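User: I'd like to go through this structure with you, one question at a time. Could you start with the terms we need for the pocket?

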Amino acid sequence: MTTLHAQPYDLSANGFYFESDDEYKAKAANLKNDYGDPVEEFEIQFIDGQEIDCDLAKAWTLYQSHISEFFDAVNGWSERQKIHYIIAVGECGYSHDQVVDNPEHVDITIYRILTFRELAEQFVKEGLYGEIPEHLEYYIDYDRIARDLECDYSSTTIAGEHLLYQCA
């Protein structure tokens, strides 16, 4: 379960925790400051939940206007969709509106590999550099290929998993 906190910008009011859009709406509608006036504006903070949902909240930039969308994503998106959104918005510069309807439509290549050297080895093994004769395999400089790959690919850590990716 994902827990968020609504912190009022009004210093004379106390915030509240919530775990759904309906709970947020009910508590926000009834919240009054110390003078009996309604509280209208909140800073939304991620408090507890799965690590990938915490990373999603950071990329999402939570606002009270789209809490419902956030809870829909947390509860309805696959891990793959969440990772695509996090990379697209948090790393590649796409806007929330460009990605929110279908995070996987964004052209991002993702590798679940720890190092650029491992990516270089995989690319050579897959034949991306052409057919390498067996007697020359020991002369391949994987570290140099890895340095070249660092120009076209980036790395990030999402939910404790190191990923290499390329934005189109």
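Analyst: Happy to! Ala, Val, Leu, Ile, Met, Phe, Trp, Tyr, Cys and Pro count as nonpolar, Asp, Glu, Lys and Arg as charged, and the others, Gly among them, as polar. Please keep in mind that this is a predicted model.

User: How do the residues lining the largest pocket divide into nonpolar, polar and charged?

Analyst: The lining consists of E121, V124, K125, G127, G130, E131, I132, E137, I140 and Y142. V124, I132, I140 and Y142 are nonpolar, E121, K125, E131 and E137 are charged, and G127 and G130 are polar. The division is therefore four nonpolar, two polar and four charged.

User: Which helix gives the largest share of that lining?

Analyst: The pocket in question holds about 160 Å³ of space. Three of its lining residues come from one helix, spanning residues 116-126, and this largest share belongs to helix α6.

User: Is Q81 buried or exposed?

Analyst: Q81 sits in helix α4, residues 79-90. Beyond its neighbours within four places in sequence, Q81 touches G76, P103 and E104. Its relative accessibility is 18%, and because buried means under 20%, Q81 counts as buried.

User: Which strand pairs with β1 over six bridges?

Analyst: Strand β1 covers residues 3-8, and five of its six residues are buried, so the rest of the structure largely encloses it. With strand β2 (residues 16-18), β1 forms an antiparallel pairing over three bridges, where H5 stands opposite Y17. On another strand, F42 stands opposite P8. The antiparallel partner over six bridges, residues 42-48, is β3.

Definitions and conventions. Residues numbered from 1 in each chain as written. Predicted model: local features only at pLDDT ≥ 70, side-chain atom pairs only at ≥ 80, totals over all residues. Heavy atoms only, no water. Helix = DSSP H or I, 4+ residues; strand = E, 2+ residues; numbered from the N terminus. Buried < 20%, exposed > 50% of the residue type's maximum accessible area, 1.4 Å probe, protein only. Contact = heavy atoms within 4.5 Å. 1 Å grid on protein atoms, 1.4 Å probe; cavity = no way out; pocket = protein on both sides within 12 Å on 5 of 7 lines; lining within 4 Å. Points joined across faces, edges and corners; volume = space filled by probe spheres on them. Pairing = 2+ DSSP bridges.
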